[in-house]
Amino acid sequence: MKHYIIVKFVDGFDYLTQLDEITAIFNKTLEIDGINAVNISKSNSDRENRYDIMIEIDMDKSSLPAYDVSLPHKQWKNTFSKYIKNKAIFDCD
């Protein structure tokens, strides 16, 4: 399945300088059984009503519970949740 995290950061947060750290955190999820790939895309639009990044995790559906309690997921939330204005989570086959 595809697990998407689509994020709009708060105004003033320079997420572009943080992309390497965000990428490093999510690349650690590849150590979880059933997580096959991670891709992070930044928006190519600077319009106010656009989100900033999209994190795509290709995983076995059965791996979602392990991901939810994983150290990288906790690290992502602990480090960046205070900078997130909005986010959407979307799962599909």
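**View 1. Strands β1 and β4 run antiparallel to each other.** In this predicted model, eight bridges hold the pairing between β1 and β4, with β4 taking up residues 84–92. To get your bearings, look for His 3, which sits opposite Asp 91 of β4. Now, is β1 mostly covered or mostly open? Mostly covered: six of the eight residues in β1 are buried.

**View 2. Strand β1 also pairs with β3.** Here we stay with β1, residues 2–9, and turn to its antiparallel pairing with β3, made by six bridges. Which residue of β3 is the bridge partner of Ile 5? That would be Ile 55. So β1 has antiparallel pairings with β4 and with β3.

**View 3. Strand β3 is largely enclosed by the rest of the structure.** This strand covers residues 53–59, and five of those seven residues are buried, so there is plenty of structure around it. Besides β1, β3 pairs with β2, which spans residues 35–42. Those two strands are antiparallel as well, and seven bridges join them. A handy pair to pick out is Ile 35 and Met 59 of β3, which stand opposite one another.

**View 4. Asp 58 is a partly exposed residue of strand β3.** Why does Asp 58 count as partly exposed? Because its relative accessibility is 22%, and a residue has to be under 20% to be called buried. Leaving out neighbours up to four places along the sequence, Asp 58 is in contact with Met 1 and Lys 2, and also with Gly 34, Ile 35, Asn 36 and Ala 37. You can also find Asn 39 in this view: its C-alpha atom is 8.5 Å from that of Asp 58, with their positions 19 residues apart along the chain.

**View 5. Ser 41 belongs to strand β2.** Like Asp 58, which is partly exposed, Ser 41 falls into the partly exposed group, here with 27% relative accessibility. What does Ser 41 touch, once its neighbours within four places in sequence are set aside? Its contacts are Asp 52, Ile 53 and Met 54. For another landmark, try Leu 19: it is 22 residues from Ser 41 along the chain, and their C-alpha atoms are 9.6 Å apart.

**View 6. Gln 18 sits in the loop between β1 and α1.** The helix that follows this loop, α1, covers residues 19–27. Gln 18 has a relative accessible area of 23%, which makes it partly exposed. Not counting residues up to four places away in sequence, Gln 18 touches two phenylalanines, Phe 13 and Phe 80. Phe 80 is a nice one to trace: it is 62 residues from Gln 18 in sequence, yet C-alpha to C-alpha they are 9.6 Å apart in space.

**View 7. Zooming back out, the chain has three helices and four strands.** Follow the sequence and you meet them in the pattern β-α-β-β-α-α-β. The radius of gyration is 13 Å, close to the 12 Å from the globule rule for 93 residues, so the chain is as compact as a globular protein of that length. Along its principal axes, the C-alpha trace spans about 35 × 25 × 20 Å. How much of the chain is buried? Buried residues make up 35% of the 93. Among contacts with a separation of 6 or more, 72% link residues 24 or more positions apart.

**View 8. On to the surface and the charges.** The chain exposes about 5700 Å², with carbon and sulfur atoms supplying 47% of that area. As for charged side chains, there are 12 positive and 15 negative ones, and the centres of these two sets lie 5 Å apart. One of the negative kind is Asp 58, the β3 residue from View 4.

Conventions
Residues are numbered from 1 along each chain as its sequence is written. This is a predicted model: local features need pLDDT of at least 70, side-chain atom pairs count only at pLDDT 80 or more; totals for chains, interfaces and linings use all residues. Side-chain values use heavy atoms; hydrogens and water are left out. The radius of gyration is taken over C-alpha atoms; the globule rule is 2.2 Å times the number of residues to the power 0.38. Buried means under 20% relative accessible area, exposed over 50%, partly exposed in between (1.4 Å probe, protein chains only). Contact means heavy atoms within 4.5 Å. Accessible areas come from the Shrake-Rupley method with a 1.4 Å probe; for residues, only the protein chains shown count as cover. The place of a charge is taken as NZ of Lys, CZ of Arg, CG of Asp or CD of Glu. Two strands pair if DSSP finds at least two bridges between them.
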